[in-house]
Amino acid sequence: MDGGKDIDPVPARPDEAQDPSRIGVDDWVASHEGRRDRGEGLLAEIRTELERVPRPAFFAGFGVAAALLPLFTSNDYIVRVGFDTLLYMLLALGLNIVVGYAGLLDLGYVAFYGFGAYGYAMLASPKFGLHWDTLAIIPVVVVATAILGFLVALPSRRLLGDYLAIVTLFFGQLFVTVYQNGNRISFLGLTRSYDLTGGPNGIPDVDNYDLGGLHIGSVRGYYYVALIIFLLVLGCVYLVDLSRTGRAWKSLREDPLAAELMGIPVKRLKLIAFACGAGIAGLTGTLFAGLNTAVFSANFDVATLIIVYAILILGGAGSLGGVILGALVVNVSLEVLRTPGHATWIFYVVLAATLIAKVRPWKRLAVLLVATIGLGYAAHAIVSSAWPRGVEGSASVGGWFGDGLNGWELHPSNPRFIGNLAFVALVFAVLLLTMIDGWKRLAALVPTLYLASFVWENRLVVEPSITRLILIGVILIVLMNARPQGLLGTSRVEIV
Amino acid sequence: MNWNLFVTELVAGITHGSVYALIALGFSMVYGILKLLNFAHGDIYMIGSFIGYGLIVVFGGATHLHVNVVLLLTLMFLCAMLGGGLVGVMVERFAYRRLRNAPRIAPLITALGVSFFLENGAQLVLGAQFQSYDSFSWSNTAIASRHFTLPAHANVSYAQVIVVVGAIVLMVALTLFVQRTQTGKAMRATAFDREAAAMMGIDVDRVIVVAFFIGSALAGAAGVFNGIAYQQVWPYMGFQAGLFAFTAAVVGGIGNLPGAVLGGLLIGLAESFATGYLSSTFQQAIVFALLIVVMLVRPSGLLGSAAVQKV
Amino acid sequence: MVTRVGLVALVGALAVVAAGCGSSSKSGTTTAASGGGACSSTVSLGMLAPITGPAGSIGSDQLHWAQFFVSNWNADSANSPKLKLVQGDTQLDPAKASTVAQSFASNKAIVGVIGPAGSDEVEATTPIFVKAGLATASGSATRVSLTAGKWKGYFFRDVPNDGVQGPTDAEYMTSTLKVAKGDTVMVVDDQESYSTGLADIVGKELKDKGVTVDRESISQKATDFASLIAKVSASTKVVFLPFQLASQAQLFAQQLKAQGKTAVVFGSDGTFDSSKFNANGSYISFFAPDVTTLAAAKDTVTAFNKQFPGGTSPFGAPNYVLAQAYAEAISSVCKDGNDPTRDNVRAALAKVDLSDTLLGTPISFTANGDVAGAKFHIFKIENGKYVTLQ
């Protein structure tokens, strides 16, 4: 583009925001040519050393840490959350093949998850009187789901990009409708109505896993089974990643036309990618059905799809470590944020951490904190003398921190209306903050922080179930803006 | 031949299809330029609907309205469109702008984050309850109750007529804007090739902001239409609508505005006729099966042109 | 900018915080080593409801009613011990419900659970509660099979099941509304488990009496009923709507009238909400008399609406009554001189007998957990008001 000038394609600090003038270069290419420029400092050295460690060692390390988790806690809830996270990791792993490796947007993915779960339920429950052995059911269901994925992909071969996405979405919704109303399926009203899926009542009383005589009945048992299955599938996917098929998928993702010209069987690869992803989803479905001992259609709708996508893309599509990290971040956050006490701690810790990270010279930070605290006490004093009902409530946490908050923050006795107004005002204030700079930003930050604390204490923490979803939304927005390629993803340039 | 059934289904399908078409139009505009799947679009539709409802409350509530119905409707539309447009512009500025050059799935997740934020923020501030426009009982003119009677004894309410006519007016206005004005031309150019447009001196940022504003304004208007005809307003109404908008936009052909309208109408009519003549239980399944067939027969959408693949 | 290692470090820090919170919260409110509360301090109740998501209007209403009772109970200094409500959002998803149920089961401070709302969720969560020894009481799960006996002593509900409502409604239609053999009744369900169960029962009862039943179904997410209403024929006397959302029944009735159909709408207890469903000429069946006719209840309702505006769903008030039942059970345990544990709260709940409740009926439970003496009242809407007919 610039004649013969030798352009250094990688900036000195690889983690800077994407420079739009770097057209046609991405991390993957640069790293493979070994031209990555290491940054300076301790963090960069640590990163260099970490990158020397081979991937399988990381996965093994993760496996060991995860295996030790149930031994350190007697709380079954934590193990249950771990199990749910493993299920999400498995789903994201399967989706990773379709989206991350082959670059196909599959919006009907959870239908395969449902197919696996319903398949297991139909073969191991009183519904049709079948009680097959688990070791027989799992291969049957996985293969059946893979074939289904193949069939769904078959007519969609010709479709590109978003058109493929929409057709997979249609298939997904079609399946949901069938699961939801599968207790009255009749062929155009001509035959009697059949009950296949139990409709909204689902299929209850599904058998637990029974692996060749070893009955898995408890949450901990399922956790270990899920962990073992996850590690096995992870290993397989990793090996496929390194193989010819994996490379072929990646070239299909980067540029389908060029791949086809290079002789890569693009259509066949698409079908295989779908089939593999579907198979993994089917496997995960059987695990789900085994633990929950009941299958309902509500689980296999767009809401679950959204979480799986969020996990995959947040972690970095195409990256196996990203799948693990993404699932941990999203699912654990969702669970931890349920409890108001935890959520408050996390809120203040994250706020403090962001301030420490972003407000650079220590003097500025100190001034900021002193000003905010001062403003708080002043406001508290003014309001408590002028309008006593403004400070009648109490903070949401106990202990020394809560006592401090009580004296600093305003707690009206009926906070609903004011809290709502303050929430809207806070949104505008935060948006405004991103638009100004310098000392003006610092000055505006002081009342904004106080307002944020006010809204948190009076409105958000009172409704933890709603707040948790608002916070997840904010986390997604902020993280994707900060790092569009995902936490552990590599930045790519997409040819649109 | 039961003409009453046929005509009623036709009217119902066209009305519902017009609402879908409006939402799909706004979605398609942004999609055509940025290739961005804006899943928060449905939530802007929800916000527009709530703004319209808020105006009804301000003017006395459905049964004690003390303004003229034409004035009320005009105000509702203007405020909802303005409000929706502003929210859309803010969302673009703060959530999507930095991701212009990122791979397309990144803004997808950001859009989901915005959607979570808007839906649950609305529940926090406005409550989870269903609210109703109650246009069947408006004291100035009960536009959903008063009706014309077509041949075959089918009734068409004023509200339905307002929705269809209003949607046509907005679509025509949009077409004129896109075809006849400078900004419209700039938008078409940017949709065609963003880099080339930038090189030709078009302010791409401004064009994108205008596209978001107009698209979101249309969604806001669709929210008011929905309220007038179908009454119900609640924080999670945008989710389903956003899904249909995406469907209609893609089925009609990516970035193709008349295609989005056609897609919306097709979905509305398919839903009606499937319910009326086939099975109400499996209405959704039938509609989706039909759409799958459409997509397989025409892989680039109804009015889409086969994408020229640049080597 | 955000670095990879920095992010991993942040996640690690969050995990540490979470673990730290996790271990400290367990020792939060409980003093008894065996779990449960102490009569001298606060006792926790868990609440499962679909607070956000598509059923958010129902779940948040249920939560608010229970919170309203708890705050009133705590405000009265004569009441002891004080109560605390721990909420868990299920989004009407049985799998999420079982995860939250697990968290309640592992939370030693919780001695009883209110909820969950859906019959599917009950099926998914009750095994977990049985294993943990927790009582669970639902204010809206109406599937008949839930009280068949396998969860005796653990599962309770203070709303009558479909097996009572279905026959009552069918009987009323044929006897009083004069639906005869050869007439048509359209039964529309909203594809949720509450609805389909009731619709099936009513449909069967009517068919047995020789009435032609036109069985339709529309997704709860649908906003337009015009296409379905077009199918209502001239011989259709009644349209039975076992909907969970009163506003949908209202829209259906209004569109029915707008299309000039003569059929009358008959709603089930899910549609009993005078602020939302008030189309004249419609009928509703409900398990309690009209609370607005009871003076004491009226004050409570007014106070509730002041604190939580807009909450009027029929499945809300039963949760207030459930909280009341738990409060009675716990305070009777304390009066006997014991600290509340899961076992004795469960036993006390089974014996609870409230003679005067917000629902206007006395509440006590049968051996299998159903509400004793359940019967349904039929209302008609005239001039926008509910008039009791039966």
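This is a conversation between a student and a tutor about a predicted model.

Student: Why is C:Pro116 called buried?

Tutor: Buried means under 20% relative accessible area, and C:Pro116 has a relative accessibility of 1%, so C:Pro116 counts as buried. The residue lies in the loop between β3 (110–114) and α4 (119–132) of chain C, and, leaving aside residues up to four places away in sequence, C:Pro116 touches C:Leu48, C:Glu121, C:Val122, C:Thr125, C:Thr136 and C:Ser138.

Student: What share of chain C counts as buried, and how many helices and strands are there in the chain?

Tutor: Of the 390 residues of chain C, 61% count as buried, and the chain has 11 helices and 14 strands. Among the contacts in chain C with a separation of 6 or more, 71% come from residues 24 or more positions apart.

Student: What makes C:Arg157 and C:Asp370 a salt bridge?

Tutor: The rule asks for a side-chain nitrogen of Lys or Arg within 4 Å of a carboxyl oxygen of Asp or Glu, and the side chains of C:Arg157 and C:Asp370 meet with an N to O distance of 2.8 Å, so the pair satisfies the rule. Both C:Arg157 and C:Asp370 are buried.

Student: Why can this pair be said to tie together parts of chain C?

Tutor: C:Arg157 lies in strand β5 (residues 155–157) and C:Asp370 in the loop between β12 (363–364) and β13 (377–382) of chain C, so the pair ties together parts that are 213 residues apart in sequence.

Student: How do you know that A:Arg253 is buried, and what is its salt-bridge partner?

Tutor: The relative accessible area of A:Arg253 is 14%, and because the limit for buried is under 20%, the residue is buried. The side chain of A:Arg253 meets that of A:Glu254 in a salt bridge, at 3.2 Å from N to O.

Student: Which residues of chain B are linked in a network of salt bridges?

Tutor: The network links B:Glu92, B:Arg97, B:Arg100 and B:Asp205. Within this group, the side chains of B:Glu92 and B:Arg100 meet in a salt bridge of 3.0 Å, N to O, and both B:Glu92 and B:Arg100 are buried. Over all chains, a search of the whole structure finds 24 salt bridges.

Student: How many salt bridges does the rule find across the interface of chain A and chain B, and how many residues are in contact there?

Tutor: The rule finds 0 salt bridges across that interface, while 6 residue pairs, both at pLDDT 80 or more, are in polar contact between chain A and chain B. In contact are 56 residues of chain A and 52 residues of chain B.

Student: What area is buried between chain A and chain B, and which three residues of chain A supply more of chain A's part than any other three?

Tutor: The area buried between the two chains is about 5,300 Å², and carbon and sulfur atoms give 78% of this area. A:Tyr163, A:Phe170 and A:Asn481 supply 13% of the area that chain A buries against chain B, more than any other three residues.

Student: Which classes of residue does the side of chain A that touches chain B have?

Tutor: By class, that side of chain A has 40 nonpolar, 9 polar and 7 charged residues.

Student: Into which domains is chain A divided?

Tutor: Chain A is divided into domain 1 (53–331) and domain 2 (342–458), and the C-alpha centres of these domains lie 43 Å apart.

Key:
Residues numbered from 1 in each chain as written. Chains lettered and ligands numbered in written order. Predicted model: local features only at pLDDT ≥ 70, side-chain atom pairs only at ≥ 80, totals over all residues. Heavy atoms only, no water. Contact = heavy atoms within 4.5 Å. Buried area = accessible area lost by both parts, 1.4 Å probe. Polar contact = N/O pair within 3.5 Å; in protein donor to acceptor, adjacent residues only side chain to side chain. Nonpolar A, V, L, I, M, F, W, Y, C, P; charged D, E, K, R; others polar. Helix = DSSP H or I, 4+ residues; strand = E, 2+ residues; numbered from the N terminus. Buried < 20%, exposed > 50% of the residue type's maximum accessible area, 1.4 Å probe, protein only. Domains from an automatic or database assignment.
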